[in-house]
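Ready for a few exercises? Have a go at each task yourself, then walk through the solution.

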Amino acid sequence: MPQVRSVFLSDIHLGTRACQADRLLDFLREHPAEQTYLIGDIIDFWAMSRSICWTQAQNTVVQKLLRRARHGERVVFIPGNHDEALRDYCGIVFGEVEVVDELVHETADGRRFLLIHGDQFDQVTRHHRWVAVLGDKAYDLLVRINAWLSWGRRKLGIAGYWSLAGYAKRKVKTALNFIFDFEESAVHHARERGLDGVICGHIHWAGIREVAGLSYVNCGDWVDSCTAIVEHFDGRLELVDWGGMAARPRLAAPAATRVEAAAELPVGETVEV
Ligand SMILES: [Mn+2]
């Protein structure tokens, strides 16, 4: 029996070590639904082109999702930037899973939401706007400091190249301004289409809030926060946080093993949005 009307998931990043497939399996088990929407960056082809980490649990996630589709649940796959290779297949049905670029979902209480991954609203990945954010002068200064740093590193015999500008860019990318811009841009897009809101992912920052009179909903991710959005049978949307260990005491044992596994992660291994 479905527990909720719809489940919205994004940014699972299957194929990476950071993917928390175990927790996702646990979440899926407890949330049978009438429809499941996979809103992008489900499979991380970008990361897999560098190195693949495909665990048994990740395999099971794929199997469970295909199984839900086979058993009459509506499963829709909306590709993101990390699985953009699948955008060529929009409009096709794979083993009962519909692949579409974007979709309008109507909740049980009649609100219409645009379902889209969201990289389309990310000015940083689209136009390298971080240069503008930082300011050209600041950027020039960074490049100059970087030249000094490289010289220093060479003198000290430190191998490899480390980019200060790259580091700053990564920091700027996570700045709050970026998130506000993203939310505004997403909501603007939904308003232009005459919709009530948008449900997206991409920035790994879950939330349900009102932005400029429309509903902005973000599913979060399954590499860090382990969050999902569910729609109840009355149309109410809820943010489900499946990541807090304290909130889920019966997961204490497996969580401990996962912490050990996480400690083995090489420093600096992060997942880009
Ligand atoms: Mn993305």
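**Exercise 1: The whole protein**

Among contacts in the protein between residues at least 6 apart in sequence, what percentage join residues at least 24 apart?

*Solution.* Before starting, note that this is a predicted model: local features need pLDDT of at least 70, side-chain atom pairs count only at pLDDT 80 or more, and totals for chains, interfaces and linings use all residues. Residues are numbered from 1 along each chain as its sequence is written.

Step one is the rule: two residues are in contact if their C-beta atoms, placed from the backbone, lie within 7 Å. Step two is the count: among contacts between residues at least 6 apart in sequence, 70% join residues at least 24 apart.

For the parts list, the protein has 9 helices and 12 strands; these are DSSP runs numbered from the N terminus, H or I over at least four residues for helices and E over at least two for strands. Of the 273 residues, 32% count as buried. (Buried: 20 or more other C-beta atoms within 10 Å of the residue's own; exposed: 12 or fewer; partly exposed: in between; C-beta atoms are placed from the backbone.)

**Exercise 2: The faces of helix 3**

Find helix 3 and work out which of its residues are buried and which are exposed.

*Solution.* Start with the span. Helix 3 covers residues 56–70, and its 15 residues reach 21 Å from first C-alpha to last, close to the 21 Å expected. (That expected span is 1.5 Å times one less than the number of residues.)

Next, pick out the buried ones: Gln58, Val61, Leu65, Arg68 and Ala69. Seen down the axis of helix 3, they fall within an arc of 105 degrees, so they line one face of the helix. (The arc is that of the directions from the helix axis to the C-beta atoms.) On the other side, Gln56, Asn59, Gln63 and Arg70 are exposed.

Then see what the buried residues pack against: helix 1 (21–30), strand 2 (33–38), strand 3 (74–77) and strand 5 (97–99). Just after helix 3, look for Gly72, whose phi is positive, near 95 degrees.

**Exercise 3: The sheet under helix 3**

In what order do the 7 strands of the open sheet run?

*Solution.* The order is 4-5-3-2-1-11-12, with mixed pairing. (Two strands pair if DSSP finds at least two bridges between them.) Strand 4 (93–94) and strand 12 (237–241) stand at the edges with a single partner strand each, so one side of each is left without a neighbour in the sheet.

Zoom in on strand 3 and strand 5, which pair in the parallel sense over 3 bridges. Here Phe77 stands opposite Val99 in strand 5. Helix 3 packs on this sheet, touching strand 2, strand 3 and strand 5, and its direction makes about 130 degrees with that of strand 3. (Axes are lines fitted to C-alpha atoms, for helices over the stretch in contact, and angles run from 0 to 180 degrees between N-to-C directions.)

**Exercise 4: Strand 8 and the core**

Describe the surroundings of strand 8, residues 197–200.

*Solution.* First, the sheet: an open one of 5 strands, in the order 6-7-8-10-9, with mixed pairing. Its neighbouring strands are turned by 25 degrees against each other on average, direction ignored.

Second, the partners. Strand 7 (residues 112–115) pairs with strand 8 in the parallel sense over 3 bridges, and Leu114 stands opposite Val198. Strand 8 also pairs with strand 10 (residues 214–218) in the parallel sense, over 4 bridges.

Third, the side chains: Gly197 and Ile199 point one way, Val198 and Cys200 the other way, and all are buried.

Finally, the core. The largest nonpolar core has 50 residues, and Phe8, Ile39, Val198 and Ile199 touch the most other members. (Such a core is a set of buried Ala, Val, Leu, Ile, Met, Phe, Trp, Tyr and Cys residues joined through C-beta atoms within 7 Å.) Its largest share, 5 residues, comes from helix 8 (residues 176–192). Leaving out residues up to four places away in sequence, Ile199 touches Phe8, Ile39, Phe113, Leu115, Val217 and Ile229.

**Exercise 5: A loop residue**

Is His13 buried or exposed?

*Solution.* Locate His13 in the loop between strand 1 (4–9) and helix 1. His13 has 30 other C-beta atoms within 10 Å, so it is buried. Now check its backbone: phi is positive, about 55 degrees, although His13 is not a glycine. Most residues other than glycine have a negative phi.
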